[in-house]
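Trainee: Please give me a close look at one part of this model, namely its charged side-chain pairs. I should also like to know how the surroundings of that part are built.

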Amino acid sequence: MTKNQKKYLNIIIKLTIVGLALWFVYTKVHNQKNLAAFTKLVNGLDDNVLNYALIIVVLMMFANWALEIVKWQYLTRSLQKLSFWTATKSVFCGLTWAIFTPNRIGEYGGRIMLLKSDNRAKGAVLMGVGLFAQLVLTSFFGALSIAWFVTTFLDTPVAINFGIWMIAIIYALAFVVLYFNVHWVDYWVGKFKFLARIKPFFGVLLEVSQRELRYVLVLSLFRFIIFTTQYIILMVIILPDISLVAMVLMIFILFFVQAALPTLDIFDFSVRSFVASNLYAYITTQEIAVMAIVSCVWFVNLILPALIGSFFVLNVNYLGDSNT
């Protein structure tokens, strides 16, 4: 391929990615009835209180992704030193790729493009460590919350309730054990001959220390707290009659179900709304309010970052090394 051919192909790739992202945003926002319902719902609320709440939710979104940027810098520092600005572009490019790929798998490809070509495969493995840390927290709190939900709202015998709690605790702790033994992945990959070609890339897991895993998990915990707090802020203002404990535990279940169901971001909002409305039906009759809150948080956490990332996508070289 000639230099000019690479140049034009690179431009086509960029425009395709940005075009898909913008199309996704337009179709979801333009047809998003729940955003209109949200506006109608909050008309009776104090404008200042609501405005401050939305500002805080948006600022927390930036804080959330700032933590992810720091985590990405930390995980890749043994491979390649990334400035905070380069890591920022890397993370936001990944977010743009993620919204139109199944189960957000495109986030891997979008993010590692800012690494040198020789480091991209290992970078994807390390990125997996960071995402797994987030999944550990979602699974841990989600499993325990589901046990609470079943034993609180469903009519089950005491013996079955005990079994449910035991299963939930074992399930939650299993994720913690797996996380702190992430090097096992390298061992199991080596057991399959058809994975022999990618086995060398997983060797990077052997270099990740327990201290590093703890640090990544702490950063992920702060992100988890931010996610949860965004929902709490809006729910406390719009649905003040809901018990705080029940509200939080339902949020944990919502996160768990979202993580467990394979989906495309194009349909992700529908999944979130359906799950949230059915869960919260046990503690409130305000289904539209719940769906509108989910709509708002979804827009702030996924759509705004994807729009920001679309600008960075245009500065990435998809046919070679890229640090710009």
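Mentor: Arg111 is buried, and Glu68 is buried as well; the term buried denotes a relative accessible area under 20%, exposed denotes over 50%, and partly exposed the range in between (1.4 Å probe, protein chains only). The model is a predicted one, in which local features require a pLDDT of at least 70 and side-chain atom pairs a pLDDT of 80 or more, whereas totals for chains, interfaces and linings use all residues. Residue numbers start from 1 along each chain as its sequence is written, and side-chain values rest on heavy atoms, with hydrogens and water left out.

The two residues named above are also partners. Arg111 and Glu68 form a salt bridge in which the closest N and O atoms are 2.9 Å apart; a salt bridge here requires a side-chain nitrogen of Lys or Arg within 4 Å of a carboxyl oxygen of Asp or Glu. Because Arg111 belongs to helix H5 (residues 106–112) and Glu68 to helix H3, this pair ties together parts that are 43 residues apart in sequence. Helices (H or I, at least four residues) and strands (E, at least two) are DSSP runs numbered from the N terminus.

Glu68 has a further partner, Lys71, and the N to O distance in that salt bridge is 3.1 Å. This second pair stays inside helix H3 (residues 47–76), where Glu68 and Lys71 are three residues apart, about one turn of the helix. The relative accessibility of Glu68 is 2%, so Glu68 counts as buried. Lys71 has a relative accessible area of 1% and is therefore buried too. As a general matter, side chains of opposite charge can pair when their charged atoms come close.

Another pair offers a useful contrast. Lys199 and Asp186 form a salt bridge with their closest N and O atoms 3.1 Å apart. Here Lys199 in helix H9 (residues 199–202) and Asp186 in helix H8 (residues 184–189) are 13 residues apart, and the pair links distant parts of the chain. Lys199 counts as partly exposed, because its relative accessibility is 28%; Asp186, at 6%, counts as buried. To return to Glu68, salt bridges with shared partners join Glu68, Lys71, Glu107, Arg111 and Arg223 into one network. In total, the structure holds six salt bridges. Helix H8 also carries Trp184, which counts as partly exposed because its relative accessibility is 38%.

The setting of these pairs is helical. The protein chain contains 13 helices and zero strands, and its pattern along the sequence is α-α-α-α-α-α-α-α-α-α-α-α-α. The chain has 324 residues, of which 48% count as buried. Among its contacts with a separation of 6 or more, 74% involve residues 24 or more positions apart, where contact means heavy atoms within 4.5 Å.

Helix H3, which holds Glu68 and Lys71, also contributes to the nonpolar interior. The largest nonpolar core has 75 residues, and those with the most contacts inside it are Trp72, Tyr179, Tyr231, Ile251, Tyr280 and Ile293. Such a core is a set of buried Ala, Val, Leu, Ile, Met, Phe, Trp, Tyr and Cys residues joined through side-chain atoms within 4.5 Å. Two or more of its residues come from each of H3, helix H4 (84–98), helix H6 (120–153), helix H7 (158–179), helix H10 (210–238), helix H11 (244–260), helix H12 (265–280) and helix H13 (287–313). H10 provides the largest share, 12 residues. In soluble globular proteins, nonpolar side chains tend to be buried together.

Two of these helices deserve a closer word. In H4, 13 of the 15 residues are buried, so this helix is largely enclosed by the rest of the structure. Helix H6 contains Val129, a residue that is buried because its relative accessible area is 2%. Leaving aside residues up to four places away in sequence, Val129 touches Leu75, Tyr179, Val182, Leu205 and Leu213. One of these partners, Val182, is 53 residues from Val129 in sequence, with a C-alpha to C-alpha distance of 7.7 Å.
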